[in-house]
Amino acid sequence: MRTSSMKTSSMRRPRLLGAAAALSAAVLVLAGCGSGSDSGSSGKITLQFSSYAWQDPTVKATKDIVAAWNAAHPNVQVKYIPVDPDSVHDKLVTQFAGDSAPDIIHDEAADIAGFVKQGYLADMSKLIPADLKSAVPQGVWDSVSFDGKVYGAPTLLQSYVVFANQSLLAKANVTAPTDANPWTWDQFQAAAKQLTTGGTFGLGWGLKQPTAAVLSMALNFDGKFVSGSGTSSKLTFGDAEKQVPQRIHDMVYTDKSLSPATLGMSGSDVLPGFFAGKYAMIVSGNYTSQQMVQDAPSGFQWTMLPMLKGTSQAQAADPQTLSVAAQSKHPSEAAQFIAFYDNAQNLAQLAQGDWLIPASDPASKLVAQQTQGKNGWGAMATMGKNLAVAPFESATPYAQWKTETATPDFQQYFANKLTIDQLGQKLTEGWTKAAANG
Amino acid sequence: MAIITDAPARPTQAPPGTRRRGNGYAYLLLLPALLPVVLFSVIPLLNGIYLGFTDSRAGFNQTTHVTGFANYAKLLHDSLFWSSFKIGLIWAFGVTFIQFFLALGLASLLNQPLRMRWLARTLALVPWAMPPVIVGIMWRLIYQPDAGLLSNLLYKLGLGEHSVNWLGDLSTALPAVIVVGVWAGMPQTTVVLLAGLQGVPAELHEAAAVDGANAWRRFRSVTLPALRPVIVAITSLDFIWNFNSFGLVYVLTDGGPAGKTTLPMLFAYQQAFQYGHFGYAAALGNAMVLIIVALLAVYLRRRMREATQ
Amino acid sequence: MNTRTRPAVRVLQYLALAGYLIFLGFPLLWMLTTAFKGPKELVELHPSLVPEHPTLDNFVTAFTTQGLAHSAWNSLQVSVAAAVLTVLVSLPAAYALARFRTRLGSVAIGWVLVSQLFPFILLVIPLFLILKQLSLVNTLPGLVLVYVVWSLPFALWMLQGFVRSIPRDLEEAAATDGASRMQTLIRVVVPLLAPGVVATTLFSFVSAWNEFFFALVILQDPEKSTVPLTLARFVGIQGVVRLGPLAAGAFLATLPSLIVFGILQRRLTSGIMAGAVKG
């Protein structure tokens with residue numbers, strides 16, 4: 001024990017110091033010491049599993065999965081370590097640097113890209129069982145693959161969708177689109193204009209974090225932003241990329257159908273206004289359904305519309321992931337647990353808890369069946385097919401470009417401080433700068 | 001207290017002020033603080049300072065090279081660094097200045113024999129007692145454009161439906177976070193100033209009052225001079241703290257909108273934690289230390305002079 | 001104090017004080033009323049200050065789902081240990097820094113400065129590595145030590161300011177009376193420092209109670225979570241906040257510090273009175 005050596009060495013020194021040292025030693029002893037080691041004697045190992053599962057049902061589902069695994073695998077125990085979603089990245093950076101990362105890491109595709117480059121995650125290509133491999137669409141696998149190797153198992157996905165206040169739609173004589181016949185952006189913009197009356201904006205959009213939303217929806221018009229890979233990647237801001245930001249800008253400043261104040265809010269900040277009829281529609285992640293069900297005033301009629309269409313309904317897939325730390329001593333056991341976690345039953349439970357889209361097809365079918373398509377689950381079960389990898393996600397400069405360039409410049413553009421061409425120029429310059437930094 | 005009573009009494013001890021014997025005592029008194037400080041503060045600090053002269057990056061088995069002043073040359077041309085530096089100065093001066101005057105006023109009031117003073121003293125501490133994680137979230141909700149407390153206050157005062165996005169608007173974001181900064185730091189400054197005020201011997205006041213000095217004159221000629229060491233200490237610390245402030249603004253705005261509230265430490269955090277540029281971030285830390293020391297130099301020289309008197 | 005204050009001035013003083021208290025205290029009040037609101041009331045566009053349908057559900061949720069009580073116990077241990085250790089270590093050191101001019105003294109002042117100036121966020125990783133070497137990662141004692149060192153610069157700076165404001169004559173008078181240095185320290189200096197000691201204790205207690213980032217990276221086991229970590233778990237993805245339970249938990253988390261202060265604030269006055277009598 002560290003404390004005893006501290007104590008003895010100070011004994012020879014004057015009593016003043018001795019007393020203080022003894023006191024600190026006493027505190028050390030008092031509060032108990034040492035952390036448990038991760039492997040016991042009799043071949044039993046313990047895997048640490050850090051997870052940012054948040055909604056109560058998801059946390060419960062996660063605990064149930066861990067408990068079921070532990071009951072079936074007495075020699076490979078999994079310890080569940082909850083983290084709050086905002087802190088996942090910071091905690092991992094520190095733990096990776098300190099060689100203390102958990103064996104199994106719950107994160108998301110856009111975030112693991114950086115860790116993969118830094119070599120902190122294990123290549124799982126050979127560890128993923130064939131049935132899991134075939135259950136998840138290739139486009140989703142691509143979003144967790146780098147240089148042909150897989151670094152995470154996708155679990156749940158989100159997409160950006162339009163929620164509408166049904167009574168306001170009816171009042172303005174706007175007919176909601178159907179799955180077979182989704183709104184195009186033009187129709188959507190026209191509807192927003194039609195819904196805008198004295199005290200009501202047609203649309204509220206919590207675009208506090210504009211980059212991910214704009215880049216993801218840009219795929220509607222085949223706007224890819226990035227071509228090439230690694231540090232040699234290039235950013236283009238052409239007509240296709242201009243579509244979504246330009247349309248948002250038009251809705252704010254030309255049509256005045258999109259509330260400018262909402263652009264700086266987060267998705268959930270917009271909800272009170274939506275419930276109060278201040279905004280007839282909002283754009284948000286599909287998981288917002290959960291808050292609609294839970295918080296909407298009684299009698300409030302809401303509906304989740306099919307994904308918007310440009311030339312297609314495509315959006316970027318940024319799945320939540322489970323990865324194995326490169327520092328883990330038991331990668332294959334960790335991967336076995338991940339495969340178990342990712343099976344259809346478990347994933348269906350987790351998806352319903354978080355109101356997200358399961359990454360695997362069997363799990364989607366199971367969700368549709370279990371929910372009987374209610375509360376928008378019918379639409380959600382089919383959304384997965386529109387989600388595929390976007391080239392920006394795995395490009396090296398993305399993280400820095402997003403923080404330093406894209407987010408501030410989109411904000412400036414939406415605040416009408418930049419023209420679309422100035423925006424394009426800044427975005428391109430910022431990419432070059434971030435690429436130079438590696 | 002156990003530490004001090006534990007030490008043997010020495011009746012033949014020389015009076016305070018004699019230098020040679022005094023030094024031995026000084027070291028003895030400093031030692032208990034030294035061990036933890038060296039282990040958990042000095043070593044990480046030296047490590048951090050050293051990293052500023054390397055190309056250290058996050059990465060598994062990454063090798064690090066000493067690059068001398070390369071990071072600093074890059075810093076000089078980094079426009080984002082300079083803009084964050086400017087924002088940091090506005091923020092630190094603004095918050096420290098407003099905070100000090102508000103806190104001095106509050107401390108003086110709390111030093112008066114007012115009724116329910118204990119309750120007022122306790123309530124004045126609310127911002128400090130609240131976990132910073134919560135402070136950020138709460139003020140975000142207060143500033144929220146729709147259902148926020150501030151917008152609702154305007155609404156209920158009959159000023160109409162204002163959807164001002166205080167934290168999201170390019171022009172109001174920095175002032176809005178400065179208000180939160182002042183709010184959050186008030187108690188610390190007030191408590192220290194209050195304790196300082198109570199250290200002003202009452203006899204001095206009474207003597208001045210007998211001489212016919214009015215309240216303001218007594219404050220200027222008696223209170224302020226006696227309070228000066230405490231004022232210098234707390235304002236320099238406040239300035240340093242505010243300049244180094246991170247958590248509050250991180251939760252409130254994360255540096256946005258459009259980088260208008262990206263304080264230097266937020267910039268350093270992004271470099272280190274988001275992009276893994278440890279060396280560059282540490283270089284930025286070193287540069288900050290130098291710049292702030294230079295800014296404080298005048299202030300501190302005055303302080304040192306007082307100390308030697 | 002026997003200087004008289006005119007009634008008009010008194011009224012103004014009370015008004016000013018009320019203004020201060022509203023500014024500083026209203027978030028607490030708001031948090032309290034929020035804690036009693038149900039989910040539907042929390043998303044109203046124009047919420048009322050007083051809950052229309054008060055409920056205790058949020059408090060129940062705060063305690064049952066996240067184990068707030070257990071985190072509070074962890075936090076209490078850590079904060080008390082950190083506060084006591086900080087005072088014990090910084091009091092003698094502050095006296096030495098204020099009264100003697102040693103080389104170590106100026107080094108110490110330099111360190112205080114640099115440690116406060118250098119971005120703490122960049123020290124997290126080096127510190128983590130040292131704690132790991134000492135097997136103190138994922139332990140509450142490790143966290144205590146970090147908090148002590150973390151509070152020390154401020155404690156030293158503040159206490160030595162207080163020592164300086166004590167007239168040397170007092171000590172010298174005691175010394176010529178034949179008191180030893182230690183007796184002088186205990187009988188003359190320490191009582192006069194009482195307000196400073198109270199402020200230091202309070203400062204280290206509160207900063208330990210509220211600290212988030214070090215606790216986040218050092219602690220692993222959910223059973224060891226401190227209060228801020230537990231509260232942070234009420235905040236989800238994309239800024240979604242479970243406001244009701246968060247407000248309930250946050251209100252309760254704010255209380256201990258306020259209570260400690262409510263008790264200790266009287267010492268601020270009595271300490272100085274005792275010092276004046278003895279002096």
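A salt bridge is a side-chain nitrogen of Lys or Arg within 4 Å of a carboxyl oxygen of Asp or Glu, and in this predicted model the count of such bridges between chain C and chain B is zero.

The contact between these two chains nevertheless takes 101 residues from chain C and 114 residues from chain B, and together the chains bury about 10200 Å², with 79% of that area on carbon and sulfur atoms. On the chain C side, Leu24(C), Leu117(C) and Arg181(C) lose the most area to chain B, and together they account for 7% of what that side buries. Polar contact is found in 14 residue pairs between chain C and chain B, counting pairs with both residues at pLDDT 80 or more. Helix H1 (residues 7–35) of chain C gives the most to the side that touches chain B, with 15 residues, and that side of chain C as a whole divides into 74 nonpolar, 19 polar and eight charged residues.

Turning to the empty space inside, the structure holds 10 cavities of 30 Å³ or more, and the largest has a volume of about 150 Å³. Of the 13 residues lining this largest cavity, those closest to its centre are Phe40(B), Ser41(B), Leu123(C), Val149(C) and Trp150(C). H7(C) gives the most to its lining, with four residues, and the lining by class has 10 nonpolar, three polar and no charged residues.

The second largest cavity holds about 90 Å³ of space, and its lining residues include Pro82(A), Asp84(A) and Lys91(A) together with Leu216(C), Asp221(C) and Arg233(C). By class, the lining of this second largest cavity has five nonpolar, two polar and four charged residues.

Terms used: Residues numbered from 1 in each chain as written. Chains lettered and ligands numbered in written order. Predicted model: local features only at pLDDT ≥ 70, side-chain atom pairs only at ≥ 80, totals over all residues. Heavy atoms only, no water. 1 Å grid on protein atoms, 1.4 Å probe; cavity = no way out; pocket = protein on both sides within 12 Å on 5 of 7 lines; lining within 4 Å. Points joined across faces, edges and corners; volume = space filled by probe spheres on them. Helix = DSSP H or I, 4+ residues; strand = E, 2+ residues; numbered from the N terminus. Nonpolar A, V, L, I, M, F, W, Y, C, P; charged D, E, K, R; others polar. Contact = heavy atoms within 4.5 Å. Buried area = accessible area lost by both parts, 1.4 Å probe. Polar contact = N/O pair within 3.5 Å; in protein donor to acceptor, adjacent residues only side chain to side chain.
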